[in-house]
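Let's take a walk through the sheet of this model. Have the sequence and the structure open side by side as you read.

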Amino acid sequence: MATAVPKKIKIGHYIFDVCNMTKDLRKHGEVFGVCDQTKQKIHIDVTATPAVLRDTLLHEIMHGVYWMFNLEDENKEEKIVSSLATGLLAVFRDNPEVAKFLMEK
Ligand SMILES: [Zn+2]
């Protein structure tokens, strides 16, 4: 049986709710997901194919990690990669069901 889309994801000490895309967010064009850091919500298009859904969820988690580490576009590659690696490892350890969902075939 396929693993369900996780409903909550702990990113650092923040708990993000995973919700469906809203009509408003869809208006911004061909987007499958949005990470709302101010409300700690990750919106994903649950009608997308499983492959797109997993890619989108990981993408939005990375936006959450980027935000948590206060990364900025001016940061250098090494700092960004180090922060993403540390942050993603923490997310997978804190949310084994998220890792399971992402790795499912
Ligand atoms: Zn993005």
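## A mixed sheet

Strand S3 (residues 33-36) pairs with S4 in the antiparallel sense, over 4 bridges. Keep in mind that this is a predicted model. Within the S3 and S4 pairing, Cys35 stands opposite Ile42 in S4. The hairpin of S3 and S4 has 4 residues between the strands, and Gln40 takes a positive phi there, near 50°.

On to the other pairing of S4: strand S2 (residues 14-20) and strand S4 (residues 41-44) run parallel and are joined by 4 bridges. Here Cys19 is the residue opposite His43 in S4.

Here are the two pairings side by side:

| Strands | Sense | Bridges | Opposite residues |
|---|---|---|---|
| S3 and S4 | antiparallel | 4 bridges | Cys35 and Ile42 |
| S2 and S4 | parallel | 4 bridges | Cys19 and His43 |

As a reminder, strands of a sheet pair through backbone hydrogen bonds, either parallel or antiparallel.

Now for the whole sheet. In what order do the 4 strands form the open sheet? The order is S1-S2-S4-S3, and the pairing is mixed. Strand S1 (8-11) and S3 are the edge strands, each pairing on one side only. On average, neighbouring strands of this sheet are turned by 20° against each other, direction ignored.

Terms used: Residues are numbered from 1 along each chain as its sequence is written. This is a predicted model: local features need pLDDT of at least 70, side-chain atom pairs count only at pLDDT 80 or more; totals for chains, interfaces and linings use all residues. Two strands pair if DSSP finds at least two bridges between them. Helices (H or I, at least four residues) and strands (E, at least two) are DSSP runs, numbered from the N terminus. Axes are lines fitted to C-alpha atoms, for helices over the stretch in contact, and angles run from 0 to 180 degrees between N-to-C directions.
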